[in-house]
Amino acid sequence: MDHTAQRDSAQGIVPAYLLARLAGSGRFTKAADAARQTLLAGRPSFRARINLSIDEQGSLVAELTEAPNRTISDAQNTETLPGLIVRNEDDPAVEDATVNEAFDGLGATFEMLLAAFQRNSLDGLGAPLDATVHYGTDYDNAFWDGERMVFGDGDGEVFRGFTGSLSVIGHELAHGVIQHTANLQYQGQPGALNESIADVFGALTEQHAAGQTAAEASWLIGAGIFTEEVQGTALRSMLEPGTAYDDDELGKDPQPGHMLDFVQTTEDNGGVHINSGIPNRAFALTATTLGGNAWERAGQTWYRALTGDLSSAATFEEFADATVAAAVDDETATATRKAWATVGVYKDERPRPTA
């Protein structure tokens, strides 16, 4: 089914406030035009695999496990979805590097969800993973439209193509996981939680693929999507919100890392991309305090909170309570409480809620 333009761009990886700032740039003239076009355009079965091994007796063992079902389409620089199918699950790599990056990124996200959380795709039931590349002309964003991942190529002056960042792919697909679980409202604090949890999954996807511990990870979202012309390393820093970029044209990263700096605004759906820095830092602090792989104790805690009885209108404090309650041991609960206190969601390190 074709979908035309006029889509809500709220869940794009690049927040509207950054595109709006770029749209007025005198330094990046091509990127300014691309940002204006991007703002105007908006956004618009179970598979298995066999793993073979040899047991202690020397017998061949065949194990059936879940497998991804990926389809990559090409919008051919139009704003019509889904576009022309250019690679399916069983197809070899193609000449277009963007297609292959999208295919591999979907696979890496699937593998992280399965290995870390025993979750079979976005819905837990093996939902197909669909993506469209080359969306629009100089389109400065990537987004989840409720059914598929959509990637722009960037303007080449400020933004590169968005398939090059695994954290971006993991982030956008995570919106699908959130959609199938707590379905957090995309407004105010629950909207900021929606964005933050998507960042958590994006970071975990990148770390899982690289085999990085929490201490080794950069905790950056969208590292590498800026060109060398921009004074910045990424779109967001989970560990140090507000430090991802500081550029004469784009301004300074506006994310707060503490509730004292919570931004009250009617823009950005009530600041969903801005205030997500607060719960982002809480997760990164929890993970680095616990050490080891972030998708283990910290990741499991956040995942159980998301997939429990969380309200779709959950506030930061309600989600914090859910994470502390979801901790499986006292060390994890203590680290989680301390992180939420450090970012000001808890006024002190309150006792663990009872079930």
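These legends go with four close-ups of a predicted model. Local features need pLDDT of at least 70 and side-chain atom pairs count only at pLDDT 80 or more, while totals for chains, interfaces and linings use all residues. Residues are numbered from 1 along each chain as its sequence is written, and side-chain values use heavy atoms, with hydrogens and water left out.

**View 1. The open sheet.** Five strands (DSSP E runs of at least two residues, numbered from the N terminus) line up as β4-β3-β5-β7-β6, with mixed pairing; strands pair if DSSP finds at least two bridges between them. β4 (84-88) and β6 (142-144) sit at the edges with a single partner strand each, so one side of each has no neighbour in the sheet. From one strand to the next, the twist averages 20 degrees.

**View 2. The β6 edge.** β6 and β7 (residues 149-151) run antiparallel, joined by 3 bridges. Look for Phe 143 opposite Val 150 in β7.

**View 3. Arg 119 in its loop.** Arg 119 is in the loop between α3 (97-117) and β5 (129-133). Arg 119 is buried (under 20% relative accessible area, 1.4 Å probe, protein chains only). Among its contacts (heavy atoms within 4.5 Å) beyond four places in sequence are Val 177, His 180 and Tyr 303.

**View 4. Leu 204 in helix α5.** Leu 204 belongs to α5 (residues 188-210), a helix being a DSSP run of H or I with at least four residues. Leu 204 counts as buried because its relative accessibility is 1%. Beyond four places in sequence, its contacts include Met 112, Phe 117 and Trp 295.

How values were computed
Buried means under 20% relative accessible area, exposed over 50%, partly exposed in between (1.4 Å probe, protein chains only). Axes are lines fitted to C-alpha atoms, for helices over the stretch in contact, and angles run from 0 to 180 degrees between N-to-C directions.
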